[in-house]
Amino acid sequence: MSAIPARAAVKPLQALSFIMVICASCYTSPVAAQSRTDEYRDKYRQRLREADSLIMNRKRNIIKSDVLGVLSGYFNVTYERLAQTAPRSLVLTAEYDIFSYQEFDFRGASFQPGLRYYLNKNRQPPAGYYAQPFAIYSDYKVTDTNQHYSAHISQVGGGLDIGWQWVIANRITIDLYIGGVYVETNIRGSLSHDAIRSFQPLIGVNGGFIF
């Protein structure tokens with residue numbers, strides 16, 4: 001009979017110990033989980049701050065010129081302004097053409113505003129391939145003192161360029177493009193002519209500087 005009270009005394013102690021262990025685990029587990037959640041949240045917020053800093057501090061301006069143009073007798077300057085948070089940019093090109101031979105003289109200017117869309121998701125603009133719709137307006141003057149005629153030539157139209165732009169050392173750009181433009185040409189003066197509509201292919205290589 002003396003053994004029965006001993007066993008009865010042990011069981012309450014075991015139950016109390018078991019309850020204390022459960023309470024301790026219930027208390028510490030949420031704290032540990034909360035600590036891990038806070039750690040992940042802090043790391044995520046830090047990545048967001050770093051990404052925002054990169055976007056805000058990213059150089060967004062590019063000045064470039066057509067390398068082939070200088071060899072062909074025309075000079076152009078292109079300004080590209082990158083959007084802050086989207087893979088696109090505003091592109092403005094101003095071009096001046098001049099060609100003279102003996103009594104013949106041809107010169108004038110062209111302006112091309114465009115909107116460039118970068119299509120490569122694995123590269124940060126301005127690097128990668130792109131598509132660029134644009135408009136064009138040109139005005140030229142032609143004179144020939146030997147033939148005694150002169151004329152103004154104006155062109156209005158639009159087109160599309162596709163190309164690839166490389167970025168070297170975060171400062172230098174090389175922009176290779178091909179495309180085409182559809183224009184309406186009007187000639188006024190000694191050689192007046194009705195409007196001429198035509199398609200003209202385009203190809204070029206621009207070298208630029210990011211700032």
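1. Lys64 counts as buried in this predicted model, at 2% relative accessibility. Its side chain meets that of Asp175 in a salt bridge, with 3.2 Å from N to O. Lys64 belongs to strand E1 (residues 61–66) and Asp175 to strand E7 (residues 172–189), so this pair ties together parts that are 111 residues apart in sequence. Asp175 also counts as buried, at 0% relative accessibility.

2. Asp175 takes part in a further salt bridge, here with the side chain of Arg116, at 3.0 Å from N to O. Because Arg116 lies in strand E4 and Asp175 in strand E7, the pair ties together parts that are 59 residues apart in sequence. Arg116 is buried, its relative accessible area being 3%.

3. Which residue meets Arg116 in a salt bridge of 3.5 Å, N to O? The partner is Glu80, through its side chain. Glu80 is placed in strand E2 (residues 74–82) and Arg116 in strand E4 (residues 104–118), so the contact ties together parts that are 36 residues apart in sequence. With 0% relative accessibility, Glu80 counts as buried.

4. Taken as a group, Lys64, Glu80, Arg116 and Asp175 are linked in a network of salt bridges. The reader may follow the network from Lys64 to Asp175, from Asp175 to Arg116, and from Arg116 to Glu80. Each member falls under the 20% limit for a buried residue: Lys64 is at 2%, Asp175 at 0%, Arg116 at 3% and Glu80 at 0%. The structure as a whole holds 6 salt bridges, among them the bridge between Lys64 and Asp175.

5. Arg116 deserves a separate remark. Besides its salt bridges with Glu80 and Asp175, Arg116 lies over the face of Tyr130, at 3.7 Å from the ring centre.

6. On aromatic residues, a search of the whole structure finds 5 aromatic pairs. One of them joins Trp164 and Trp166, whose rings are 6.1 Å apart, centre to centre, with 50 degrees between the planes. The pair counts as tilted because that class takes in angles that are neither under 30 degrees nor over 60. Ring pairs also link Tyr129 with Trp164 and Trp166 in a cluster.

7. Are Trp164 and Trp166 buried, partly exposed or exposed? Trp164 is partly exposed, with a relative accessible area of 23%. Trp166 likewise counts as partly exposed, at 41% relative accessibility. Both values fall between the limits of 20% and 50%.

8. Ser154 is found in strand E6 (residues 149–168). This serine is buried, with a relative accessible area of 9%. The side chain of Ser154 makes a polar contact with the side chain of Arg188, at 3.4 Å. When neighbours within four places in sequence are left aside, Ser154 is in contact with Ser138, Asp139, Glu184, Thr185, Asn186 and Arg188. Arg188 therefore appears both in the contact list and as the side-chain partner in the polar contact, which lies within the 3.5 Å limit.

Key. Residues are numbered from 1 along each chain as its sequence is written. This is a predicted model: local features need pLDDT of at least 70, side-chain atom pairs count only at pLDDT 80 or more; totals for chains, interfaces and linings use all residues. Side-chain values use heavy atoms; hydrogens and water are left out. Rings of Phe, Tyr and Trp (its six-membered ring) pair if their centres lie within 6.5 Å; planes under 30 degrees apart count as stacked, over 60 as edge-to-face and the rest as tilted. Buried means under 20% relative accessible area, exposed over 50%, partly exposed in between (1.4 Å probe, protein chains only). A charge sits over a ring if NZ of Lys or CZ of Arg is within 6 Å of the ring centre and within 35 degrees of the ring normal. A salt bridge is a side-chain nitrogen of Lys or Arg within 4 Å of a carboxyl oxygen of Asp or Glu. Helices (H or I, at least four residues) and strands (E, at least two) are DSSP runs, numbered from the N terminus. A polar contact is a pair of N or O atoms within 3.5 Å; within protein, one must be able to donate a hydrogen and the other to accept it, and residues adjacent in sequence count only if both atoms are side-chain atoms. Contact means heavy atoms within 4.5 Å.
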